[in-house]
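Trainee: I would like to learn how to read salt bridges and buried residues in a model. Can you take me through one?

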Amino acid sequence: MALDQSFVGRTYPPTDPYEVGREKIREFAEAVGDTNPAYIDPEAAKALGHPDVIAPPTFVFSITFKAAGQVVRDPQLGLDYSRVVHGDQKFAYRRPLRAGDRLTVTSTIEAIKSMAGNDIVDVRGEVHDETGEHVVTAWTKLVARAAEEG
């Protein structure tokens, strides 16, 4: 059954703050094979004008995808998570994430559509630091695959 279009525009409460740590940044950079020194060396980051090490651009996915879980777990929406796959991701940065940032994410459902029996939900995550500065916007597309016949 198609998801309820009245959920388009629904905004969920901000997440608890997530503190970006140097070690998490280093681990992530190693995991994705990115050797940019600004991700592991505070002096290299400072030479580029940052107060501390910065995170690779896709690091924020782990924070925003977890926040999108509020949408997925909303029982009124009725999304069947057992059938969900990650369809797409994009980011628009105001500035890089930095070690020491305490970030919250506010998720909003931007679109709901059905295609070939699949439910597609577009979620926008607005990421702010503890001062209220907008850091990045992330868009996540979730696809709940159609149930198999028989």
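Mentor: We will go through charged pairs, then a few buried residues. Keep in mind that this is a predicted model.

Trainee: How many salt bridges does the structure hold?

Mentor: Start with the general idea. Side chains of opposite charge can pair when their charged atoms come close. In this structure there are 14 salt bridges.

Trainee: Which residue does Glu43 meet in a salt bridge?

Mentor: Its partner is Lys46, with an N to O distance of 4.0 Å. Next, place the pair on the chain. Helix H2, residues 42–47, holds both Glu43 and Lys46. They sit three residues apart, about one turn of the helix.

Trainee: Is Glu43 buried or exposed?

Mentor: Glu43 counts as exposed, because its relative accessibility is 53% and the cut-off for exposed is over 50%. Lys46 has a relative accessible area of 42%, so it is partly exposed.

Trainee: Where do Arg102 and Glu130 lie?

Mentor: First the bond itself. Arg102 and Glu130 form a salt bridge, and their closest N and O atoms are 3.4 Å apart. This pair links distant parts of the chain. Arg102 is in strand E3, residues 102–115. Glu130 is in the loop between strand E4 (118–128) and strand E5 (134–144). The two are 28 residues apart. Arg102 is partly exposed at 31% relative accessibility, whereas Glu130 is exposed at 59%.

Trainee: Which residue forms a salt bridge with Arg124?

Mentor: That is Glu110, with the closest N and O atoms 2.6 Å apart. Here too, distant parts of the chain are linked: Arg124 is in strand E4 and Glu110 in strand E3, 14 residues apart. Arg124 is partly exposed, with a relative accessible area of 21%. Glu110 is also partly exposed, at 34%.

Trainee: What does the side chain of Glu126 make a polar contact with?

Mentor: One contact is with the side chain of Arg124, at 2.9 Å. Another is with the side chain of His134, at 2.8 Å. Glu126 lies in strand E4. With a relative accessibility of 19%, Glu126 counts as buried, because the cut-off is under 20%. Set aside residues up to four places away in sequence, and Glu126 touches Thr104, Val105, Thr106, His134, Val136 and Thr137.

Trainee: Which residues are linked with Asp129 in a network of salt bridges?

Mentor: Arg95, Asp101 and Glu133 are linked with Asp129 in that network. Asp129 is placed in the loop between E4 and E5. At 10% relative accessibility, Asp129 counts as buried. Its side chain makes a polar contact of 3.0 Å with the side chain of Arg95. Beyond neighbours within four places in sequence, Asp129 is in contact with Arg95, Arg102, Leu103 and Val135.

Trainee: Now a residue without charge. Is Ala38 buried or exposed?

Mentor: Ala38 counts as buried, at 1% relative accessibility. Find it in the loop between helix H1 (22–32) and H2. Then check its contacts. Ala38 touches Ala44, Ala45, Leu48, Val53 and Ile54, leaving out residues up to four places away in sequence.

Trainee: What separates the C-alpha atoms of Ala38 and Ala55?

Mentor: A distance of 8.1 Å separates them, and the two residues are 17 residues apart along the chain. Sequence spacing and spatial distance are two separate readings.

Note on methods:
Residues numbered from 1 in each chain as written. Predicted model: local features only at pLDDT ≥ 70, side-chain atom pairs only at ≥ 80, totals over all residues. Heavy atoms only, no water. Salt bridge = Lys/Arg side-chain N within 4 Å of Asp/Glu carboxyl O. Helix = DSSP H or I, 4+ residues; strand = E, 2+ residues; numbered from the N terminus. Buried < 20%, exposed > 50% of the residue type's maximum accessible area, 1.4 Å probe, protein only. Polar contact = N/O pair within 3.5 Å; in protein donor to acceptor, adjacent residues only side chain to side chain. Contact = heavy atoms within 4.5 Å.
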